[in-house]
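Here is a walk through a structure you can follow on your own screen. Take a look at it, and then we can go through it piece by piece.

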Amino acid sequence: MQDQNTFKQNHTVLVIGGGVGGIRAAMDLAESNRDVVLIDKASSIGGLMTQLDRTFPTNNCDLCTLSPNLSESSRQLHIELLAMTQVAEVQGEAGDFKLKLITEPRYIDLDTCTACGDCFKNFPECVRFTPGLDHRAPTCMRYPQAIPHAFSIDIEKCKDIDALVKVCKADAIIPEDTQKVRDLEAGAIVLAPGAEVFDPGKLDSLGHAANPDVVTSLEYERILSASGPTQGELIRPSDGKQPQKIAWIQCVGSRSLHEGAASYCSSACCMFALKEAIVTKERFQDSIETAIFFMDMRTFGKDYELYLNRAKDDYGIRLVRSRPHSVFHDPETGSLSIIYTPHDSNTNVTEDFDMVVLSTGFKVSRDVQDLAVKLGIELNEHHFAKTDSFNPVATSKPGIYACGMFESPKDIPETMVQASAAAFCASKNIRMVSESSEAVEEFPPERDVSREPLKIGVFVCDCGLNIGGVINAQGLADYSGTLPDVKVSEMIGHGCSRDALARIQTVIAKENLNRVVIGGCSPRTHETKFQDTLRRAGLNKYLVEIANLRDQNTWVHFDQPDGASIKAQELIRMAVTSVALSRPLTDNIFPMNKDVLVVGGGVAGMNTALSMADMGFKVYLAERSSELGGVAKKIRKTLEGDDVQAYMTDLIERTTQHDRIEVITNAFIVDHTGMPGMFKTGIQIAPQMFYRQITHGVTILATGALPNQPKEYLLGEHEKVMTQLDMDAVIEDQPDKIKDVTNVVMIQCVGSRCPENPNCSRICCQSAIKNALRVLELNPAARVFILYRDMRTYGFQEDYYKTAREKGVIFVRYEADALPEVQADDAQLEVKFNDPILKRKVSVYADCLCLSTGFIADEESTEDLGRIFHIPKTNDNYFLEDHIKLRPVDLSVPGFFVAGTAHAPKTIRECIAQAQAAAGRAQALLAKDTLNLGAVVARVEKEKCAACLICVRACPFNIPFINADGYSQIDPAQCHGCGICAAECPAKAIQLMQYEDDQIMAKLTGLLERVN
Amino acid sequence: MPGEPIIIKGKKKSGFLDTVKELLPEGGNLNLCLTCGACSSGCPATGLEDMDPRKFLRMAALGMDKEILSTPWVWMCTLCQRCIYVCPMQIDIPQLVYNARAAWPREERPKGILGSCDMALRNDSCSAMGTSEEDFQFVVEDVLEEYQEAQPEFKDMAAPIDKQGAEFFLNQNSREPVTEPDELVPLWKILHRAGVDWTYGNKGWAAENYCMFLADDQAWEHITRTTAKQADDLGCKIFLNTE
């Protein structure tokens, strides 16, 4: 592991920080054949996310969504992982950094430690653990799937080193271990060091230091977490009782000028408080009350508004718009008393709670600030990495890129986008390692099992409490052992952990198993992992069957353990009878077409096209209109004051001049077939509408969204009523007009957050503030009123919100059911609204009414393209990504990626980041020279085929056709493996591989027949 | 009138809020309000006169100067500073209230505070009870003597007035020497046991400053200067304010 020669110098990217962002960046680079050294100062990777219980908006268990990513990152052949490691020195420049890395001694040999826990059991004081509420979890490795999967020793605390060494059966403890200094040459550096959470101790009125029942959000996550100190039981720290009433207080340490606090918005806290409240409600329903005290509810992300509505309407979470002054502890009852002023009242209300959760924000740690100094990169006034509006992940120093929290406070999906973007930008600095020279994991030859009698192994996961908390996993394993042909049956804990996989491999070899059943979670996320284990054990990978005990049983029937136990037996029985009929299959492998189709020529489309073309890929850029530019071409300035027009002119110039980009304007996509690496897309080009077919390997959708123009508040009827986009142009083109105004009113959420368009348009709060500040700059005597529902100036936008208030902009809140009213005569507009604090009507005679109308999905585009490409959409017609948390750039159809406002409303800066991320994801997919399409395709038995055309009509992808020999032919390279033709064929001439009729029938037999 | 709409029309005029902003460092952050209500939820005067700190600031921000310069609520505020202590924007609401008080004609300000301030201006004791320097001296000496005799363990205890060169200058709320003289003693005992070298001042011994609560700038400055000068003249190093 310490051998330097394994790395081709200067082809390496150093990724600093092993949280979700760093892992994503490392995996993207590795997938695109770049060597990566991933370092983390902690003893295992995973960062903050591994401490969370569940994540919004699906409320999935965090470890479940994260662990496939974690173990992949240690498995990837291009990634070298160094835990407990930090950068000591940096020299050189982009393409040629020379670094000194220091690895602290672990006193345990990673290769021999089996994480059995004997050292911890016998000498708990010598084994390191993460302090906080997480103390002394059973394995003391912070979480069961920790990577590296090994303990670490705190030698200072160890009194009898010899005894400690002896207790380790694996001989893995090395007391003479020392700090290691290592030189590394790297072409580029990706910074993903994350952030630390605000310590609320200084805000003494909230009582965090004095009262154990006042906890931070992270502490609350640990209490809810199955791997936390209470094993997932929700109990009050002071007395171990289950709380009946919990309050959340928002913006603790954020949006504040208090010493040590941050003046920016931490962006993620509103969502995590809603999530924690929903998860609490899901678990305890009516036996628990939840209230969130907040200033502005900032659910500005994709579909987050719907999550907020669910919290309010479906779960009955009380949202109180008020910031409490203090939390008082009543020593008699033990309860916590909160006094607050409701937002529309001036009478105080006192309410008692059993627990209070402080939604603490994020800040950059001192360590990371020091690292920035070492690296010579500039930080902004809040100590985050300084980056450019038009180059969002590039730091001030070429070759060094920042992503995630270190760039600005943000949530997981946006971290994932930036991580992919940073990985892509880093990869530009280094050469790709050619595929032929890389080491490919060698699997042993496959054993021929065709003549062997059935020997089935069943492995049952408890998945922590996910399965084991509802049913008796050991009991289920015992039961499975009684089923026919089952040779071995075991309970294996977390089946996806490294240990368990190794155990499965060993048992297969030892018992000479030839079929395997995993009683675990979803094959969608975990099948590949178990298939690889079979391959390592010398079996064909299609000889495994997964019974989804978690998603389809213990998650949905968590409140009926008896029924769930019976269902678990049935699921296992079905898998056992079905796996008995599984056959070895061969994957279909084809050559890869490496050309790129980008649909949409706005800021996102052009950035993706240029990124890919600069990397040497041929790009077709199809734009529906007659010119490039999209919505950004109409925008003049960003909130930060950047000149958008100059940027766009340059971008269009570079795109049209690029040798490897072919721009096709007036282009309408009309048909599409194929697979990633071998797509064919038909385009008709106006005005003649002639047809052209493009062959390409990946498709990136950057079709944008439309500026909304709702018919409200006299928009389009009165010359003094305009949108923010119109105002942007008036300010630039007719500044004299602005100099004459006395009163300007802006109304937020016009056409957003309403029944017709339920989501937040994300960009409008900042654009209103941008225009308000520009109006006041031209005309300091003007009065500007902004009527809003929640000001959603997330991240550093909050600075501009503060400046706007400082300059005298008056912000007035309105309720969705009491909208402002506008009356007009020719000369003047009268805007009437209610001031909730004064409880009085205000009437402003305005010279100008500016409506923040935001975005609306380009339904025509997404509808047509969604149908042609088979891409699902959200209810409000944006493209729906593959996984809203962890894969925000990938679409559900392999080979398709999304960038820009076709995904969801976002700023130019965010569009560019996603464009670079899409380029990175596409590059990773195109890195291979061949394509493996798997083995799950439809196969026709020509003798049985009656050429009835039913399959031809039924196939949603138009693949089957009747060939010259008169029977249906299905091209395995094009077949999606959906199985519709197999189900429809009246002659049963079509079988779907891995899901053949006899296997499905066997499942039914297993389900319906009682086994003695 | 509360029921009528607030009409905003024509050019912005500079108002009371702008005047106060001029007086304060960083303008007292008076424009920064997020209307979160933290101030009101901790304010003992919330709800009195249908007013609270947030509403008061809001009215100032909307230029409702007539209302905020006439509401008696400003006299119900205790200037305790609980509002600014938690305000995320560190808005100096107490200063806004103070300046609103100062805008009242002196004779219309609340009688109790006004009377106490005027008493303090009668002599150099600066006592809101109007107690003279001689009366204070008499009470201190009388009480001290009584305790030295009754409690032999404190026979060496001192309560000096105008002791030149003492380290600590101590002031004293004037209610005790007038109505509860025994209440003076516990602090003397503590200082005695701690071996502290301290003194009262003959001038400016009274700790309360009602003129400040009256928002009478000249008068409260006079009182503060009187007591500070006495401490300086005696060569004391540390001013111990007991109020």
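## A valine and its strand

In which strand of chain A is Val544(A) found? The answer is strand S24, residues 544–548 of chain A. Please keep in mind as you read on that this is a predicted model.

Is Val544(A) buried or exposed? The cut-off for a buried residue is 20 or more other C-beta atoms within 10 Å. Val544(A) has 23 C-beta neighbours inside 10 Å, so it counts as buried. The strand around Val544(A) follows suit: 4 of the 5 residues of S24(A) are buried, so S24(A) is largely enclosed by the rest of the structure.

## Neighbours of Val544(A)

S24(A) runs parallel to S23(A), and 5 bridges join the two. Within this pairing, the residue that stands opposite Val544(A) is Val516(A). Val516(A) is also one of the residues that Val544(A) touches; the others, once residues up to four places away in sequence are set aside, are Ile518(A), Phe530(A), Gln531(A) and Leu534(A).

For a sense of scale, try Val809(A): it is 265 residues from Val544(A) in sequence, and their C-alpha atoms are 65 Å apart in space.

## A helix with a buried side

Next comes helix H11 of chain A, residues 473–480, whose buried residues are Ala473(A), Leu476(A), Ala477(A), Tyr479(A) and Ser480(A). These residues cover an arc of only 160 degrees around the axis, which puts them on the same side of H11(A). As a reminder, an α-helix has 3.6 residues a turn, so residues three or four places apart point the same way.

What covers the buried residues of H11(A)? The cover includes three strands of chain A, namely S21 (456–460), S22 (486–491) and S23 (515–520), along with helices H10 (465–468) and H15 (561–579). Strand S23(A) is already familiar as the parallel partner of S24(A).

## Two more strand pairings

Strand S35 of chain A, residues 743–747, is mostly covered, with 5 of its 5 residues buried. Both of its faces are covered: Asn743(A), Val745(A) and Ile747(A) are buried on one side, and Val744(A) and Met746(A) on the other. S35(A) pairs in the parallel sense with strand S36 (residues 783–788) of chain A, over 5 bridges, and here Met746(A) stands opposite Ile786(A).

An antiparallel arrangement appears in an open sheet of 3 strands of chain A, in the order S6-S7-S8. Its edge strands, each pairing on one side only, are S6 (85–93) and S8 (180–186) of chain A. From one strand to the next, the twist averages 20 degrees. Strand S7 (residues 96–103) of chain A is joined to S8(A) over 7 bridges, and the bridge partner of Leu101(A) in S8(A) is Arg182(A).

## Nonpolar cores

The largest nonpolar core has 281 residues, and those with the most contacts inside it are Val190(A), Tyr401(A), Ala422(A) and Leu849(A). Helix H23 (residues 908–926) of chain A gives the largest share of this core, 12 residues. Domain 1 (16–104) and domain 2 (112–240) of chain B both give residues to this core, so it lies between them. Apart from this core lies another, of 47 residues, with Cys463(A), Met491(A), Ala500(A) and Ile572(A) among them.

Ala422(A) is a handy place to look inside the 281-residue core. Beyond its neighbours within four places in sequence, Ala422(A) is in contact with Ala25(A), Val190(A), Val393(A), Tyr401(A), Ala402(A) and Cys403(A).

## Chain B and the contact between chains

The C-alpha centres of domain 1 and domain 2 of chain B lie 33 Å apart. Leu170(B) sits in strand S2 (residues 168–170) of chain B and is buried, with 24 other C-beta atoms within 10 Å. Leaving out neighbours within four places in sequence, its contacts are Trp198(B), Thr199(B), Tyr200(B), Leu240(B) and Thr242(B). Trp205(B) is 35 residues from Leu170(B) along the chain, with 7.6 Å between their C-alpha atoms.

Where the chains meet, the contact takes 36 residues from chain A and 34 residues from chain B. On the side of chain A that touches chain B, strand S16 (336–340), helix H21 (797–806) and strand S40 (840–846) of chain A each supply at least two residues. S40(A) gives the most to that side, with 6 residues.

Note on methods
Residues numbered from 1 in each chain as written. Chains lettered and ligands numbered in written order. Predicted model: local features only at pLDDT ≥ 70, side-chain atom pairs only at ≥ 80, totals over all residues. Core = buried A, V, L, I, M, F, W, Y, C linked by C-beta atoms within 7 Å. Buried ≥ 20, exposed ≤ 12 C-beta atoms within 10 Å, placed from the backbone. Domains from an automatic or database assignment. Contact = placed C-beta atoms within 7 Å. Pairing = 2+ DSSP bridges. Axes fitted to C-alpha atoms, helices over the stretch in contact; angles between N-to-C directions. Arc of directions from axis to C-beta.
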